[in-house]
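Me: I'm new to this protein and would like a close look at one small part of it. Could you start there and then show me what surrounds it?

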Amino acid sequence: MGAGGTLHAPASAPTPAAPYRHRATALHPGAWWLWALALGTAATRTTNPLLLALLIAVSAYVVVTRRPHAPWSRSYGAFVKIALAVLLIRLLFTTLLGSPIPGTHTLLTLPEVPLPDWAQGIRLGGRVTAEGLTFALYDAMKLATLLVCVGAANALANPSRLLKSLPGALYEMGVAVVVALTFAPNLIADVHRLRAARRLRGRPDRGVRGLLQVGLPVLEGALERSVALAAAMDARGYGRTARVPARVRRTTAALTLGGLLGVCAGTYGLLTAAGGTYGIPVLLAGVAAAVAGLWLGGRRTVRTRYRPDRWDARAWLVTASGATVAALLFLAAARDPAALHPGVIPLTAPTLPLWPAAAVLVGLLPAFVTPAPDPVSAKEPS
């Protein structure tokens, strides 16, 4: 209250337009996914542990500096734990089942279990060499880096905004996923509420009987919510489709199916050493066919978007930074494969190639061109 008895609003009170300003400055979620997938693609072109560790460090720095304060952004730690589990499991399997890489540096010798003749090529126990473990570590780090990059995309891109940005052909699938993500917390809350009520009444809430007594009311409540939601969506015109000629429908199906097959074949070519020549052309052709099919398929869906996310210059910069890392790693793998794929026979310490390492650092660009998350708000507006 002021000197004249007039009430003044606190200086730190947020204005109603603050969430909308934050939405206007937020990056398109598709740009985060393209950036992360490009870093993951770059990780598939090398087994150099130093370059892979640098890719992990780049993605981790961007996540730490640009991760919003939202519950869904906490998934990065889970992906890091999965990546560590992949490393440990691969090393454990190599220790127990052996490695096809011959080696001379024996670390330990386990008791070997004799196997029948039909299991030739497989052994249990035996000699564990440093060369075999090193090769397994290099190979597992590639998959672990890919998982960490996917975790970075999950931590940076708002899933609800990403589903809103889906093309019209995938509109029904996006609505279904949004409904599932919305109803899942309600199911968990119903289970906790019913179990607490049964404990207060002295009734069992565990075992088969308790599961049946709790599960049936939960399913009944979910069915009631589904019927109410279906009625509300039908009243608002969800599910309307436009009239499209049969020729357009057949063309759409052919382009979409052929494009997805091309994407799968091109991705397989990129992940294998023998398919490096045909992988990129097949992948680009598949992406072009799939995009054309999705564009044609979106013509039969009558829909509008409320406050759509804009693909601005920052989104192009973020996507270009990831694509640059992937392209330069592809070039480095073609020009100097020994630096990106260090050998283990003889066993030598890997070296860090300078210009591929500088290329990986281009992936840090999103940490400087994207807006910082709001340190005050508890969650990002959807």
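Where in the protein is the place of Pro346?

Reply: Pro346 sits in the loop between α12 and α13. Helices here are DSSP runs of H or I with at least four residues, strands are runs of E with at least two, and both are numbered from the N terminus. Before we go on, please note that this is a predicted model, where local features need pLDDT of at least 70, side-chain atom pairs count only at pLDDT 80 or more, and totals for chains, interfaces and linings use all residues. Residues are numbered from 1 along each chain as its sequence is written, and side-chain values use heavy atoms, leaving out hydrogens and water.

Look first at the bond that leads into Pro346: the peptide joining Ile345 to Pro346 is cis, with omega at about -5 degrees.

Now turn to α12, one of the two helices that the loop connects. Ala338 belongs to helix α12, and with a relative accessibility of 55% Ala338 counts as exposed. (Exposed means over 50% relative accessible area, buried under 20%, and partly exposed in between, using a 1.4 Å probe and protein chains only.) Although Ala338 and Asn48 are 290 residues apart in sequence, their C-alpha atoms are 9.4 Å apart in space.

Both helices that flank the loop also take part in something bigger. The largest nonpolar core, a set of buried Ala, Val, Leu, Ile, Met, Phe, Trp, Tyr and Cys residues joined through side-chain atoms within 4.5 Å, has 42 residues, and those touching the most other members are Trp32, Trp35, Leu55, Val62, Leu329 and Leu340. Among the helices that each supply at least two residues of this core are α12 (337-340) and α13 (354-360), along with α2, α3 (49-66), α4 (76-97), α5 (130-156) and α11. The largest share, nine residues, comes from α5.

Two of those core residues deserve a visit. Trp32 and Trp35 are both in helix α2, three residues apart, which is about one turn of the helix. Trp32 has 5% relative accessibility and therefore counts as buried; Trp35, at 0%, is buried too. Setting aside neighbours within four places in sequence, Trp35 has contacts (heavy atoms within 4.5 Å) with residues including Ser59, Val62, Ala152, Leu156, Val318, Gly363 and Pro366.

The structure as a whole has two aromatic pairs. One of them is Trp32 with Trp35, an edge-to-face pair 5.9 Å from centre to centre and with 80 degrees between the planes. For such a pair, the ring centres of Phe, Tyr or Trp (its six-membered ring) lie within 6.5 Å; planes under 30 degrees apart are stacked, over 60 edge-to-face, and the rest tilted. In the pair of Trp311 and Trp316, the ring centres are 5.7 Å apart and the planes at 80 degrees, so this pair is edge-to-face as well. Its surroundings are more open to view: Trp311 is partly exposed at 31%, and Trp316 is exposed at 57%.

Stepping back, the protein contains 14 helices and two strands. Of its 382 residues, 34% count as buried. Among contacts with a separation of 6 or more, residues 24 or more positions apart account for 79%.
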